[in-house]
Structure formats: C-alpha cells, structure tokens
Amino acid sequence: MDDGRVLVTGGAGFLGSHLCDRLVAEDHDVLCVDNYFTGTKRNVEALLRTPLFELMRHDVTFPLYVEVDQIYNLACPASPIHYQFDPVQTTKTSVHGAINMLGLAKRVKARILQASTSEVYGDPEVHPQVESYWGRVNPIGPRSCYDEGKRCAETLFFDYWRQHKLDIKVVRIFNTYGPRMHPNDGRVVSNFIVQALKGEPITIFGDGQQTRSFCYVDDLIEAMVRMMHSRQGFTGPVNIGNPGEFTMLELAELVLRLSGSKSRMEFKPLPHDDPRQRQPDISLAAEELGWKPTVPLEDGLKETIGYFRRIISE
Ligand SMILES: NC(=O)c1ccc[n+]([C@@H]2O[C@H](COP(=O)([O-])OP(=O)(O)OC[C@H]3O[C@@H](n4cnc5c(N)ncnc54)[C@H](O)[C@@H]3O)[C@@H](O)[C@H]2O)c1
C-alpha cells in the first residue's frame, strides 16, 4: 500500500491536529482539510513551517478532488454543545461528508478510515460494549443528529466496502482527552480543569458515582495509525478507548489535587440522558492491532492541565 500522501479531514480539530503532528513526524505528505467550525488554525500552526504539511479550508459536505493514498475522515463536531448547535449541518457533515470522502477514496483508490464513536451504542444494555453489540439509540432526540449521523456513516462505509470493494477501516472512539480540547465544549475533563484553574466550583451531576473511561490522546492516535496500517481485509469496526473506569468524584478529586486548586464541588441534578456507565471492550484492538492504552490518567491530566493553564493565562 502506498501511504505517502495522507488526507486528514477535521485535521485542525483536537484529535485531527495530533494525528497531523504524528503523520508529519513520520514524513508523510499531509493535506489537512477543515472548515474551522470547532477546529482552529492555531492547533496546526507549528506544522505550517514544514513543506510536508498543507492546510485547506473546505467543508466536507461538498465534494473534494485531490490525489491522496490514505484518508482519515475525522471532520465532525464531537461535543454535544457543538453538534447540537446546528443539528442539520451535523448530520450533513457525517453523512454527506462520508459520501464525499468515500467517493474520493473510490476514485483515487485510497484506503479510508472513519472516526466513528462509542455513541453508536447509544444508551447501552451491554457492559462493557463489544463491537458486535448493535446499540440502543434514540433516532429522534436532540443527540440523534450525531449518533444516527455516525451510524449512517458506518453503513455507508460498509456498503462501499461490499459494493465497491473499497479498502475501509472503522474505529469507534470512546471518550478521549488531552491538550487542544476545547475549553468550553462542555465535556467533563475540560469542564473540571477549567473550573479548577479559574477557582470556580466544580460541577458534579448527580451523586458523582457515575463512571466514565478516559483515553489519553497519544494512545488514541497510536491506535488510529495502527488501524490504518492493519492487515488487508480487516475493516473493524474496532473499539478504541481506555477501559479504566473512574467515578466523576474521583476525577474531580484528581483534577483538584494535580492543579493545586482550592475550588469546591457543587452538586447538580443528573441530566436525564446521562448514561450511568460507558466502557469499551478493547479485546479486538488488542488482538488485531496489538494495542492497549499506556498513559495513566494522572499523567495525561498533568499534560492537559498544563495546556489549559497556558491558554487561560493568555
Ligand atoms: N474526542 C473524542 O472523545 C471523540 C470520541 C468519539 C468520536 N470522536 C470523533 O473524532 C473526530 C474528531 O473529534 P475531535 O474530538 O477532534 O473534535 P473537534 O471538534 O475538535 O474536531 C472536529 C474537526 O472537524 C471540523 N469540521 C466540522 N465540520 C466540518 C465540515 N463540515 N467540513 C470540514 N471540517 C469540519 C472542525 O472544524 C474540527 O476541526 C470526530 O469525527 C468525532 O466524532 C471523538
């Protein structure tokens, strides 16, 4: 497989920019495409100094004609605040974006990887979630634009694979955190850190006993790259995430300790669509990709707190 020229859609976002860093470090010719809805040029500004990196403003809901060998399709707002801002555009980005990128992959015979999500499992009855579980998703709720958009994108990937023999790879990403997350995206890690650094109360929903698992961005990118280079015929979907579970109280205590903050905790009612538990089964990733996460939560949080400290002080 020729893998010199790589297209990353959503490359100026949180995960996309780390992926671009990694690909450029490995001497790939990287074309980053983004409409800057949630991403920013700042995330990739250091890369602009190298001729290996090219940045293009483009909305993936429109067709794109470029010559590439591999496509990582990450374009899509990922946090509820952002994907619910314009839900119709969110569905278009997932569905039309997938159609356009799959069409491109078909034309230029590129291998294509889809950044899918654990949200395809919806509010699951199976714990931890395995790839063979079909999920329990509400098709008409305020989160459906994201969940169903991503499910439809998976359908399109597998139809292009069956119908057009496209070389597809699908990863289902669970909660990931790290530097370059948006400070105001409403997700728990960024919320807690920003509140702690600003000395504001840390908001805990419910009794704080609900658990989440958090994967550090470097681990996630390693899995994505391994998936792109996985054996011919292995399509996934494959879960990538960190199965280590932490309660919201544990996370809050850790953030307070590592940031040295004096913030207090403030308890608020649990939103009704907040899942009690979400945890990936990563046996397939271990077996096929020889991958497991290696960065402990404490180490990843230190890096992330350092990043937020810098941007808040600017
Ligand atoms: N971060 C996570 O925990 C997580 C979990 C599951 C899945 N994912 C998936 O990974 C991908 C990247 O997520 P992220 O956390 O980096 O989010 P992000 O919002 O930082 O990145 C998404 C990027 O896509 C761009 N974008 C949005 N709509 C676009 C469009 N129509 N055309 C071109 N670019 C567009 C945004 O400007 C942004 O740069 C998304 O597809 C997301 O669904 C992320």
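Student: How does the shell around the ligand split by class?

Tutor: It has 14 nonpolar, 13 polar and four charged residues. Asp, Glu, Lys and Arg count as charged, Ala, Val, Leu, Ile, Met, Phe, Trp, Tyr, Cys and Pro as nonpolar, and the others, Gly among them, as polar. Heads up: this is a predicted model, where local features need pLDDT of at least 70 and side-chain atom pairs pLDDT 80 or more, while totals for chains, interfaces and linings use all residues. Residues are numbered from 1 along each chain as its sequence is written, and side-chain values use heavy atoms, leaving out hydrogens and water.

Student: Which residues come nearest to the ligand?

Tutor: L15, D34, T38, Y146 and K150, out of 31 around the ligand (a heavy atom within 4 Å).

Student: What makes L15 a polar contact of the ligand?

Tutor: A polar backbone atom of L15 sits 2.8 Å from a ligand oxygen, and the cut-off is N or O atoms within 3.5 Å, so the pair counts. Ligand nitrogens pair with polar side-chain atoms of D59 at 2.9 Å and of T93 at 3.1 Å. The protein buries 98% of the 820 Å² that the ligand exposes alone (Shrake-Rupley, 1.4 Å probe).

Student: Which element gives the most to the shell?

Tutor: β5, with three residues.

Student: Why is α5 called oblique to α9?

Tutor: The axes of α5 (188-198) and α9 (297-313) come within 10 Å and cross at roughly 55 degrees. That makes α5 oblique to α9, because under 35 is roughly parallel, 65 to 115 roughly perpendicular, over 145 roughly antiparallel and the rest oblique.

How values were computed. Polar contact = N/O pair within 3.5 Å; in protein donor to acceptor, adjacent residues only side chain to side chain. Helix = DSSP H or I, 4+ residues; strand = E, 2+ residues; numbered from the N terminus. Axes fitted to C-alpha atoms, helices over the stretch in contact; angles between N-to-C directions.
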